[in-house]
Amino acid sequence: MPTVAPLDLQGHCIAAVFLGDVPHFALADGTIHRLDHGHKTAQANDGLLAAFHDAANDRLITGGEDGKIFSVSAGGNAAELASAGKKWITSVAAGPQGAVAYASGKIAFVRFADGKTKEFMHPRSVEGLAFSPKGMRFGVARYNGATLHFPAADGKPVELEWAGAHTGITFSPDGAFLVTTMQENALHGWKLADGKHMRMSGYPGKVKSLSWSAKGKWLASSGAPAAIVWPFSGKDGPMGKAPLELGTRGNAMVTSVACHPSQDVVAIGYDDGMVMAVRFADAKEVLLRRPGKGAITSMMWDREERRVAFGSAAGDCGVIDISA
């Protein structure tokens, strides 16, 4: 049976991540807690709204109500990267060559590693940001679709239209597909080579969590009483294919998903605080954590694939050791 090292905090956990091998928990008040030979804390933003785990640089990028963007590295070291004055930073992302994107209102900013910043104006507010894994380009989720920018060049952006409010965005690991979460209970996708649309609907709730499997063949999502896992191995992604439904529970909704770093397994967090791991091939389930306080809001596997850090909307955080 997996063992759980609990960390009972006060407040909403925005991100539970491993930096180095140390679990860090970023709360909505901007405090960064870590379990590093005891419970230690550091302060980043004054009011945290968005966080992104920058795996390539082993850091957490945060943005908040204070208009600042911080880089938090292992050991809880918080360094200010940029500031947008008194505007709220509602979305952050990290990309290649140390670039960071952040959004406030209708403007998306890209800060390059040398500290230079470029602005990209949009007609409506920027709701989500993501960098492509290939080349220096980034996507913006917006009202009625998504926009692709190439910040290192001065070319025209690519507009991907689809009616409705798009709230979050992700590229597939091979850069072939772009998927957005929507205000309605659906995902929308585009095959970037030809602009083909992919409708992924039928969710009973809003999709707030997405996670790509190790080789990008699957996209796991929350927003239902099971993890809805779409197949992306074919050239047209999930079109005409049914998703897997993993970890189905009749009385709880999935609120967070985190795919295993190397195997076709997904950790699933529910609105009652339960966490399960489920294998794609045969839907075999392993209970990782019994129900607790608050919906699970964030999870991450460590590099050695032995532990899962988790956080909840009620500050009920901790680390699950599955090798125990």
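**Charges over rings.** I looked up Arg124 in this predicted model and found that its charged end sits over the ring of Tyr143, 4.1 Å from the ring's centre. I then turned to Arg249, which lies over the face of Tyr270, at 4.6 Å from the ring centre.

**Aromatic pairs.** I searched the whole structure for aromatic pairs and noted 6 of them. One of these joins Phe131 and Phe138, a tilted pair with 5.8 Å from centre to centre and 40° between the planes. I checked how far each ring is covered: Phe138 is buried, with a relative accessible area of 0%, and Phe131 counts as buried because its relative accessibility is 9%, where the limit for buried is under 20%. I also noted that ring pairs link Phe120, Phe131 and Phe138 into a cluster.

I went on to Trp212 and Phe232, whose rings form an edge-to-face pair, 4.9 Å centre to centre with 70° between the planes. Trp212 belongs to strand β20 (residues 210–212), while Phe232 is in the loop between β22 (227–231) and β23 (244–246), so this pair ties together parts that are 20 residues apart in sequence. Both are recorded in my notes as buried, Trp212 at 15% relative accessibility and Phe232 at 4%.

**Nonpolar cores.** I asked which residues of the largest nonpolar core touch the most other members, and found Phe25 and Leu60, out of 21 residues in that core. I wrote down that β2 (13–19), β3 (22–27), β8 (68–73) and β30 (316–321) each supply at least two of the core's residues, and that the largest share, 6 residues, comes from β2. Following Leu60 beyond residues up to four places away in sequence, I listed its contacts, among them Ala15, Val17, Phe52, Phe70 and Val72. A second, separate core has 16 residues, including Ala220, Val229, Leu246 and Met276.

**The β8 and β9 hairpin.** I followed β8 to its partner, strand β9 (residues 77–83), with which β8 pairs in the antiparallel sense over 6 bridges. Val72 stands opposite Ala78 in β9. The hairpin has 3 residues between the strands, and Gly75 takes a positive phi near 90° there.

**Asp264.** I placed Asp264 in the loop between β24 (254–259) and β25 (265–270), and I entered this residue as partly exposed because its relative accessibility is 34%. Leaving aside neighbours within four places in sequence, I found Asp264 in contact with Ser213, Trp218, Val278, Arg279 and Phe280. I also looked up Arg307, 43 residues from Asp264 along the chain, and noted that their C-alpha atoms are separated by 16 Å.

Definitions and conventions
Residues numbered from 1 in each chain as written. Predicted model: local features only at pLDDT ≥ 70, side-chain atom pairs only at ≥ 80, totals over all residues. Heavy atoms only, no water. Helix = DSSP H or I, 4+ residues; strand = E, 2+ residues; numbered from the N terminus. Buried < 20%, exposed > 50% of the residue type's maximum accessible area, 1.4 Å probe, protein only. Contact = heavy atoms within 4.5 Å. Core = buried A, V, L, I, M, F, W, Y, C linked by side-chain atoms within 4.5 Å. Pairing = 2+ DSSP bridges. Phe/Tyr/Trp six-rings, centres within 6.5 Å; stacked < 30°, edge-to-face > 60°. Lys NZ or Arg CZ within 6 Å of the ring centre and 35° of its normal.
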